[in-house]
Amino acid sequence: MKISNSIKFRFAAGVFLIVTVVTVVLGIVSFVYEKRAIENRLYAQLNAVADLKKEMVVKFLAERANDLKTMSGSFYQRENVSVLLNPTSAALSKKKASQQLRRRLNSFKNMYVGYLGLEILDLNGSVIVSSEDGPGEPGERHPHDHRAALSLHAEALKQDASVILQDHIGTGGTGHLEIAAGMRDEQERLMAVLISKISLADTISPLFSDYTGLGLTGETTLMRRKNGRIVQISPMRHAPSSIDGHDRYGEEYMKIAMFAVSGNEGIDQAIDYRGKTVIGAYRHIPSLGWGVVTKIDSDEAFAEITAIRKKIFLLA
């Protein structure tokens with residue numbers, strides 16, 4: 001009887017052990033599969049949003065640059081600018097040309113949301129007519145100083161390229177950017193520069209205030225490098241940390257942001273501006289040296305994986 005009971009016990013224990021091992025193994029296999037599926041879904045989502053935001057920024061700037069080049073190449077605008085720049089033009093002719101240009105600049109300004117103003121500059125950087133002017137006198141000069149920017153981009157303007165000036169871009173969605181396009185005389189020589197001023201708060205920033213699909217902590221940020229540091233161009237969803245992240249976290253701090261502005265694209269883990277560990281997809285905008293990062297806190301991103309791991313642990 002004892003032998004029989006012993007055999008039954010051993011058999012039952014063996015079956016229980018086999019079932020337990022098989023269950024645990026199946027649980028681990030299932031966990032690995034689920035973990036990979038969750039990660040792939042997350043990475044696909046982050047990559048898709050980063051690609052979309054990059055495309056939207058590039059498309060917006062390209063459209064505004066093309067519009068500006070179309071206006072700067074208009075025969076009508078070029079004729080009026082030639083009159084203003086010609087020292088022998090009669091005062092009445094200059095006044096008429098100035099008024100006509102100002103009306104055209106204001107008409108262009110009102111075509112789109114976010115335009116703060118347009119200016120036409122001579123090659124010395126002095127504004128000769130602006131949408132922001134009052135009636136004024138023909139040929140009057142204004143105290144705007146674009147000489148440094150024009151000097152920096154002189155060759156590009158001579159090659160009929162439009163350029164984006166970043167001197168007045170603020171942080172967190174403030175400030176404005178400027179797009180410049182050259183204007184040519186009858187001999188196709190560069191004679192003036194047309195500049196549009198575009199508010200970030202009314203144009204690009206709203207593109208980064210939509211957090212659809214990014215949970216409670218996710219966001220997409222637009223940034224650039226300035227004086228060796230990362231500067232946020234777009235608004236931030238969260239309040240930044242008051243500590244110096246570079247000192248506390250070293251190379252991991254804003255790592256993917258630095259990757260993005262340095263010309264790289266991919267997906268990685270890093271410490272963000274709040275000191276939180278995040279997983280993020282990063283993209284580069286070559287023409288501007290800007291970076292786009294779509295990120296989410298790792299705790300939130302992998303919460304489902306953590307829950308599955310706990311179930312496996314309890315089962316084991």
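Start by selecting Met-223 and Gln-232: Gln-232, in strand 7, is the bridge partner of Met-223. You are looking at a predicted model, in which local features need pLDDT of at least 70, side-chain atom pairs count only at pLDDT 80 or more, and totals for chains, interfaces and linings use all residues. Residues are numbered from 1 along each chain as its sequence is written, and side-chain values use heavy atoms, with hydrogens and water left out.

**First stop: the sheet around strand 6**

Widen the selection to strand 6 and strand 7, which pair in the antiparallel sense over 4 bridges. Pairing here requires at least two bridges found by DSSP between the two strands. Helices (H or I, at least four residues) and strands (E, at least two) are DSSP runs, numbered from the N terminus. The two strands form a hairpin with 2 residues between them, and Asn-227 in the turn has a positive phi of about 55°.

Now cross to the other partner: strand 6 (residues 219-226) is joined to strand 10 (residues 290-297) by 5 bridges, again antiparallel. Pick Thr-221 and you will find Val-293 of strand 10 opposite.

Show the whole sheet next. Its 5 strands are arranged in the order 7-6-10-9-8, open and with antiparallel pairing. Strand 7 (229-232) and strand 8 (266-271) are the edges; each has a single partner strand, so one side of each lacks a neighbour in the sheet. From one strand to the next, the twist averages 40°. Angles run from 0 to 180 degrees between N-to-C directions, and axes are lines fitted to C-alpha atoms, for helices over the stretch in contact.

**Second stop: the sheet around strand 1**

Another open sheet of 5 strands has the order 2-1-5-4-3, with antiparallel pairing. At its edges are strand 2 (127-130) and strand 3 (163-165), each with a single partner strand, so one side of each has no neighbour in the sheet. Its neighbouring strands are turned by 30° against each other on average, direction ignored.

Select strand 1 (residues 115-122) with strand 2: 3 bridges join this antiparallel pair. Glu-119 stands opposite Ser-130 in strand 2.

Bring in the helices. Helix 3 packs on the sheet and touches strand 1, strand 2 and strand 5, its direction making about 145° with that of strand 1. Contact means heavy atoms within 4.5 Å. Helix 2 lies across strand 1, strand 2, strand 4 (176-184) and strand 5 (190-199), at about 115° to strand 5.

**Third stop: helix against helix**

How do helix 2 (residues 75-85) and helix 3 (residues 91-109) pack? Their angle is about 140°, with the axes 9 Å apart. That makes helix 2 oblique to helix 3, the term for angles outside three ranges: under 35 degrees (roughly parallel), over 145 (roughly antiparallel) and 65 to 115 (roughly perpendicular). To see the contact, select residues including Tyr-76, Asn-80 and Leu-84 of helix 2 and Ala-97, Leu-101 and Arg-104 of helix 3.

**Last stop: a salt bridge**

Finish with Asp-51 and Arg-283, a salt bridge whose closest N and O atoms are 2.5 Å apart. This pair links distant parts of the chain, 232 residues apart: Asp-51 is in helix 1 (residues 2-72), Arg-283 in strand 9 (residues 277-285). With a salt bridge taken as a side-chain nitrogen of Lys or Arg within 4 Å of a carboxyl oxygen of Asp or Glu, the count comes to 13.
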